[in-house]
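I opened the model today to look up one sheet and the helix that packs on it. My entries follow in the order in which I checked things.

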Amino acid sequence: MENMPFDISHLGSEALVALVETLPVAAMYMEGDNFFFNSEAERLTGYGRIEIQSIDDWFRKLYGPDHEKVRGYCKADRAAGFSSPRRVTITTRDGCRREVEVKSAGIGRTICVMNDITDLVTAQEQMKESKERYRLFSSLTSDYVNFCSRKGDDTYRVRWLGGAFEAITGYLEQSLFEWGCWMPLVHPDDQERLSTALLYMTPGNTSTSEYRIFAKDGSIHWIRQTSRCETGDTPDELFLFSACQDITEQKQAEEAIRKLNEELDQRVVERTAQMETAIKEHESFSYSVSHDLRAPLRHINSYSAIVTEEFGDRIPPEAHRYLDRIAAASKRLGQLIDDLLELSRVSRVELNTATVHLSTLAAMTVASLRETEPRREVEWIIADSLKARGDATLLRQLLQNLLGNAWKYTAKEPNARIEFGKTVIDGQDVFFVRDNGVGFDMTFKDKLFGHFQRLHGSEFEGTGIGLATVKRIVERHGGRVWAEGHTGKGATFYFTLPEI
């Protein structure tokens, strides 16, 4: 019935005019050269129904380049009695062009209906342009986006896709639409986890999933998908909007870091075992030094003393000098053993960090030095309230070594002066011990803190271990130590310690 001809042959002209006027859309009645515009047609075209009849060849005026085509449509429609909608362009009275959809019916006489679709056509063109712009934009990104929907318990089906899908997967977008969903791309081990996460999403909910896909060339890509669920067009429908990012390089970097960490952990374990072995060997060596070396040293001292005591009156003066040298060397060797053991202890002892009053420790060291030579005149300048964070025992030894050195190397200075204080160098608090003793040649400053390095002759006692111990104590506290001096003009030793 829908395609049956609309027979209006039995209607009179007046009836047809009345029929056309009552239609809610733009329409005209035509019979030969006679025609009639209804009110809606006047509004659409801008022409009055009387005015347009006075225009020569009004058909050409209204339909412009399409007038011959429309004439053909009308002739064919009159013969058939009906027509399908046809899209043509009209020119209004003010010169504007409007897109209309024309449909006519009638036998011998024609009723032509014009539906203004200009706004619809404009919207479609704008949407087409918008889609093209988005296509161009999304082709520049390294991600891809998709829009899916599902009803009831069904799986999500892809309805729209854009971005770098083809660049990432190697598949054409059409392939995904043929599959209906992207699950065929997902790694089998990740499919259930991803499906479960998406199926349990509710409207307004956003989630992020990471999973693997197989590209067309067989390579595996990691995808980070951020999805948002919204209510669909019907109560049982859900929409899913997703942005997908290729994070393969990031995952590869994370895997490389994980393997590196595993290797580092293994190396740490191995290194720790080596260090534990080295520490045990070091402790064993220290024990041997402490006990095995001291035993023959004691014998040397004892037998030298016995020879001097029992045979002293019969020993030539030259032999006495040799025995005195043996005793002095034995004493020096004993001191060297003590210093080496102390240096070893500094490296092994566990730090008990606390706030240490350095001024108090320095005062105690000065008092001890004065007791050894009470007649020496030395000007001591100890700054008040000097504090630092560190191990009190080791810092006491640090000051004993530095202040002891200053005491020793000012022994021949009649106006000896020793100072312990703090200054600022390059914005950092720095402690110092300064004296006006014999000093040293800066050419040899790099040797000061080495083992067994002595820049002065036998006129000053020492084993060359004290400053090496100082350096090790400072470095164990995360600081640094250095010295400045001039021969005959004294020396200054600087060191840094953690601040309170």
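Which residue in β15 does I425 stand opposite? I found Q428 there.

Before going on I noted that this is a predicted model, in which local features need pLDDT of at least 70 and side-chain atom pairs count only at pLDDT 80 or more, while totals for chains, interfaces and linings use all residues. Residues are numbered from 1 along each chain as its sequence is written, and side-chain values use heavy atoms, with hydrogens and water left out.

I then looked at the pair of strands itself: β14 (residues 416–425) and β15 (residues 428–435) run antiparallel and are joined by eight bridges. Strands here are DSSP runs of E of at least two residues, and helices are runs of H or I of at least four, numbered from the N terminus; two strands pair if DSSP finds at least two bridges between them.

I traced the open, mixed sheet of five strands in the order β12-β14-β15-β17-β16, with β12 (378–382) and β16 (481–485) as the edge strands, each pairing on one side only.

Next I checked helix α13 (residues 392–409), which packs on the sheet and touches β12, β14, β15 and β17 (491–495), contact meaning heavy atoms within 4.5 Å.

For its length I compared the 26 Å expected of 18 residues at 1.5 Å a residue with the distance between the end C-alpha atoms of α13, which is 26 Å and therefore agrees; the expected span is 1.5 Å times one less than the number of residues.

Last, I listed contacts with helix α14 (residues 466–476): the α13 residues that meet it include L394, L398 and N405, and those met in α14 include L467 and V470.

Note on methods
Axes fitted to C-alpha atoms, helices over the stretch in contact; angles between N-to-C directions.
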